[in-house]
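Work through the exercises below with the sequence and the model in view. Try each task before reading its solution.

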Amino acid sequence: MKATTNIQQDCIVVSLSERLMFSDHEEFRQVLNALVESDMNCCVLDLHDLLSVDSAGLGMLVIAHEECQSANANLVIRGANGQVRRMLELGRFDSILRIES
Amino acid sequence: MSSQAAELEPLPETAAEIEDLPVAAQDASAERDLLRRWLGLSAVQERALTALCGEITVASDLVEGSVSDLTDNFNNLAGLARSNAEQIGRVVESARTIEVDGERIDLSEAVCFLEEVLGDVVAKILQLSKHGMSMVYALDDVTSDVRVAEQTIAGIEKINKQTNILAMNAKIEAIRAGEAGAGFSVVADEMRELSGMVNKLALEIREHMSVVTKGIVDSQKELRNVAAIDLSTTIESKDRVELMTKGLVRQNEEFNATVGASAESSAEVAKWISGLITKLQFQDRTKQRLENIIGIIEILKNADSKLCEEAKAATGLSDADDLNRQAWLEHIISECHLGEMRERFARTILLGEESEPESPQETASGEGGGESPAFLDSTEDIELF
């Protein structure tokens, strides 16, 4: 997994690419820290270039959502497609956070 | 009338006798001849009408019997069609539900339940993954803390080492001072002893920390093995199972629609057959008309017979005297193309019998008895049955 962080208007946008798997948990920890330490209410994970995600990756996304909630921020997942989008749908992520196409 | 007939002169019979008569007498003779021929024809008509009444009865009975058979067959067909529709209805009901622990559950309800269960499974997998990753992060934090503790121990050991060197230097300086440094030498020894004890404690702590670190590393490996189990195929299988169950429901709906249409067709067939049975009541109306026709023919026949008898009594003529009678009979009979009908006609007209008409089934199997007139053996028969 690769992550790039940008600030767009009032949001911190972290774009993930390649694959999000268990072995990426240390890099994803840095993403979590970046989101929480940004002190922004709007946190966006842009998954447009993410090719696939496994169950551990889905677990990490849920942790990101809870970490943002603890920091009084809202997490938005944006641009998921293909296998990633289907996994989010099967996991009913739309019932716990905001999904944007 | 009979007394008047008895007083009449005998009539001339031969052509020679007629030619010898005067003109007025010749006219009277011609009228008498016409009357005789009419009487002959009337006798034939009387017997032919009797035979016709018999044939109408035969035809009416034939239609009645056939219609009765048709009605029975149609009733059987209607019963089968209704039974078929009921059986199909039961099949539809059976296909729409499944039996679970003796309880009938609608298939769509079962599919919804299955989807709910699968949704719960996926939600639990997500929770499991999340908790697993939280544990991984917690152990990462503990590992970091242990590293800090190990660095702290290293710091203690470094300070202790300097303290030990300091104590050694103090001891050397105390020896150089001689008598005056004796007390200071004791303090230096105590410091070295304390330093050795601190060093020993630091070593013990390091050993314990090593055990803790090893435990964390082992736990992390175990957790990694658990968390690394990819459950995404299980999550994706939910998608597949949902597609299969939806396909099953759709297929079941199509099956129900097709079978339901078949049940409707069967019910429609039963309805049509009932309509046909109703229409077969034409036979009853036809029979009444034929009975009326027979009644009218009987009236005409009786009137004809009565008039003939009166004419015979008045003129002394006999229908047996008509030379054309045989020709009439043969002409009428030759028009009958059905063998059994011709036989009955011949018996009635030639022999004056009013035999009971045979049943169509019996007569259709062959010609009549051995006493039939010769022309009954004609090869011109046209059998319709």
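**Exercise 1: The make-up of chain B**

Chain B contains 10 helices and two strands. The model is a predicted one.

Task: State in what pattern the helices and strands of chain B follow one another along the sequence, and what percentage of its residues is buried.

Solution.
- Step 1. Going along the sequence, the pattern of chain B reads α-α-α-β-β-α-α-α-α-α-α-α.
- Step 2. Of the 385 residues in chain B, 27% are buried, where buried means under 20% relative accessible area.
- Step 3. The accessible surface of chain B is about 25100 Å², and carbon and sulfur atoms account for 59% of that surface.
- Step 4. Take the contacts in chain B between residues at least 6 apart in sequence: 78% of these join residues at least 24 apart.

**Exercise 2: The contact between the chains**

Task: Describe how many residues each chain gives to the contact, and which residues of chain A lose the most area to chain B.

Solution.
- Step 1. Chain A gives 23 residues to the contact and chain B gives 22 residues.
- Step 2. Between the two chains about 2000 Å² is buried, with 64% of this area from carbon and sulfur atoms.
- Step 3. On the side of chain A, the most area is lost by Phe22(A), Arg29(A) and Leu90(A), which together make up 33% of what that side buries.
- Step 4. Arg29(A) also forms a salt bridge with Asp141(B), in which the closest N and O atoms are 2.8 Å apart. The count of salt bridges between chain A and chain B is two.
- Step 5. Five residue pairs, both residues at pLDDT 80 or more, are in polar contact between the chains.
- Step 6. On the side of chain A that touches chain B, two or more residues come from each of helix 1 (25–37), helix 2 (55–70) and helix 3 (82–90) of chain A. The largest share, eight residues, belongs to helix 2 of chain A.
- Step 7. Sorted by type, this side of chain A has 12 nonpolar, five polar and six charged residues.

**Exercise 3: Positive phi in chain A**

Task: Find where Asp39(A) lies, and decide whether Asp39(A) is buried or exposed.

Solution.
- Step 1. Most residues other than glycine have a negative phi.
- Step 2. Asp39(A) is not a glycine, yet has a positive phi of about 60°.
- Step 3. The loop between helix 1 and strand 3 (42–53) of chain A holds Asp39(A).
- Step 4. Asp39(A) is exposed, its relative accessible area being 70%.

Definitions and conventions
Residues numbered from 1 in each chain as written. Chains lettered and ligands numbered in written order. Predicted model: local features only at pLDDT ≥ 70, side-chain atom pairs only at ≥ 80, totals over all residues. Heavy atoms only, no water. Contact = heavy atoms within 4.5 Å. Buried area = accessible area lost by both parts, 1.4 Å probe. Salt bridge = Lys/Arg side-chain N within 4 Å of Asp/Glu carboxyl O. Polar contact = N/O pair within 3.5 Å; in protein donor to acceptor, adjacent residues only side chain to side chain. Helix = DSSP H or I, 4+ residues; strand = E, 2+ residues; numbered from the N terminus. Nonpolar A, V, L, I, M, F, W, Y, C, P; charged D, E, K, R; others polar. Buried < 20%, exposed > 50% of the residue type's maximum accessible area, 1.4 Å probe, protein only. Areas by Shrake-Rupley, 256 points an atom, 1.4 Å probe, with all protein chains shown as cover.
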